[in-house]
Amino acid sequence: MTRNSGKPYSRLNRSIVITPEDCARLRSHFLQIPLPVADEAWRSGILHGDCLALAPLLPQRCVDLLILDPPYNLTKNFNGRRFNRQSVQDYADWLDGVLRVLKPLLKNTATVYICGDWFSSASIFMAASEHLIVRNRITWEREKGRGAKANWKNASEDIWFCTVSDRYTFNTEAVKQRRRVLAPYRDAQGQPRDWETTEQGSFRDTYPSNLWTDITIPFWSMPENTIHPTQKSEKLLAKLLLASSNAEDLVLDPFLGSGTTVVAAKKLGRRYLGIDLEQDYCLLAARRLELAESESCIQGWVDGVFWERNTFAQQHIKKNH
Ligand SMILES: C[S@@+](CC[C@H](N)C(=O)[O-])C[C@H]1O[C@@H](n2cnc3c(N)ncnc32)[C@H](O)[C@@H]1O
């Protein structure tokens, strides 16, 4: 496989590629509609097709966590299929249609996360608040981003946190953030207040906020990287899944892309269903699921905590109390 530019990959490039030989094998793993009635027969899997057409054919009230990462309200090309920027109202109407179709699949205790950039966010709030309880907006810092001559460079994205009802899962202990201690306060006995020392410095495990500065967008030397133009990181999905689902819960991602949600779900012991319009992306997702059989780690999540960016060297060291 070559890059979009047609140039071959460099030797250091660790991006996941699909060979022509892989295709038939991977395609044979796709689920077919109708899904077998017994849950066990399709515990988890990938569907190739239009999620808006497929959703009415899926079992109702069985999804615990819905991840929505649709094309943003931007002009963008996904494998030759173009999405065009619309007005705030038109994009809100489109999202309204998406939520209307998917809502019957959700349990009453389900959580929904909706991803977007600042411009899409205006529409997301309008549509989401018609169908769901909107609880928060996470903003995460994108390291990458094109400079603009007559505007501020866009270096953030949003994830809206919504639930169907007031009964929902939130495992805050599972998504703690390990931060370097800047103010090492000690108690009257001289003991560290709420932090620990290690050979590499002092760290505190803090409760997660709605501002995330520890996310890296996958790039060519990361083993999770693919050619998908808007791939999210497994670390980002792991946060959403750990906070808002439990082992064996069913996670649905109807705009699957390269498969990040289903890979994170598999690594974290959740059931999953992913859907994408593009067969090439479904194949990538299936390949990533195959690779996850032998590689269960999630970059940036070690010892049950999330680490800041560029702390790889410190992530496997022993604590000395
Ligand atoms: C923003 S990307 C998702 C990226 C994904 N989260 C990842 O980490 O790779 C949106 C995806 O939605 C897919 N898509 C767009 N419309 C769709 C539809 N009606 N049904 C299913 N998939 C669709 C596109 O092909 C694209 O891969």
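Before I show you anything, one definition: two strands are said to pair if DSSP finds at least two bridges between them. With that in mind, please look at the structure above, which is a predicted model.

Let me begin with strand β6, residues 133-141, and strand β7, residues 156-163, which run antiparallel to each other and are joined over eight bridges. If you would like one of these bridges to find on the screen, take Asn136, whose bridge partner in β7 is Phe161. Against the sheet lies helix α4, residues 118-131, which touches β5 (106-116), β6 and β7, and whose direction makes about 10° with that of β7. These strands belong to an open sheet of eight, with mixed pairing, and if you trace across it you meet β1, β13, β12, β2, β5, β7, β6 and β11 in that order. Which strands stand at the edges of this sheet? They are β1 (45-48) and β11 (211-212), and each has a single partner strand, so one side of each is left without a neighbour in the sheet.

There is also an open sheet of five strands, again with mixed pairing, and its order is β9-β10-β8-β15-β14. Here the edge positions are taken by β9 (196-198) and β14 (301-302), and because each has a single partner strand, one side of each has no neighbour in the sheet. The partner of β9 is β10, residues 201-206, with the two strands pairing in the antiparallel sense over three bridges, and within this pair Glu196 stands opposite Phe203 of β10.

Now let us turn to the interior. The largest nonpolar core has 64 residues, and those with the most contacts inside it are Leu66, Tyr113, Ile114, Leu241 and Ala285. Helix α7, residues 279-292, gives the largest share of this core, namely eight residues. To see what one of these residues touches, choose Leu241, which, once its neighbours within four places in sequence are left aside, is in contact with Leu65, Val251, Ala264, Ala265, Leu268 and Arg270.

Next comes the ligand, which is surrounded by 21 residues, the closest being Cys51, Phe255, Gly257, Ser258 and Thr260. The elements that give two or more residues to this shell are α2 (51-54) and β13 (271-276). What classes of residue make up the shell around the ligand? Ten are nonpolar, six are polar and five are charged.

I would like to finish in the loops, where a few residues deserve a careful look. Pro34 lies in the loop between α1 (20-27) and β1, and the peptide bond that leads to Pro34 from Ile33 is cis, with omega near 0°. Asn79, in the loop between β3 (76-78) and β4 (81-83), has a positive phi of about 55° although it is not a glycine. Is Asp303, in the loop between β14 and β15 (305-307), buried or exposed? Asp303 has 10 C-beta neighbours inside 10 Å, and since a residue counts as exposed with 12 or fewer, Asp303 is exposed. Asn79, by contrast, has 14 such neighbours inside 10 Å and therefore counts as partly exposed. Asp303 also has a positive phi, near 60°, and is a residue other than glycine.

The last residue is Gly190, in the loop between β8 (177-180) and β9, which is exposed because it has 6 other C-beta atoms within 10 Å. Gly190 and Leu277 are 87 residues apart along the chain, and their C-alpha atoms are separated by 59 Å.

Definitions and conventions: Residues are numbered from 1 along each chain as its sequence is written. This is a predicted model: local features need pLDDT of at least 70, side-chain atom pairs count only at pLDDT 80 or more; totals for chains, interfaces and linings use all residues. A nonpolar core is a set of buried Ala, Val, Leu, Ile, Met, Phe, Trp, Tyr and Cys residues joined through C-beta atoms within 7 Å. A residue is buried if 20 or more other C-beta atoms lie within 10 Å of its own, exposed if 12 or fewer, and partly exposed in between; C-beta atoms are placed from the backbone. Helices (H or I, at least four residues) and strands (E, at least two) are DSSP runs, numbered from the N terminus. Two residues are in contact if their C-beta atoms, placed from the backbone, lie within 7 Å. A residue is near a molecule or strand if its C-beta atom, placed from the backbone, lies within 6 Å of it. Ala, Val, Leu, Ile, Met, Phe, Trp, Tyr, Cys and Pro count as nonpolar, Asp, Glu, Lys and Arg as charged, and the others, Gly among them, as polar. Axes are lines fitted to C-alpha atoms, for helices over the stretch in contact, and angles run from 0 to 180 degrees between N-to-C directions.
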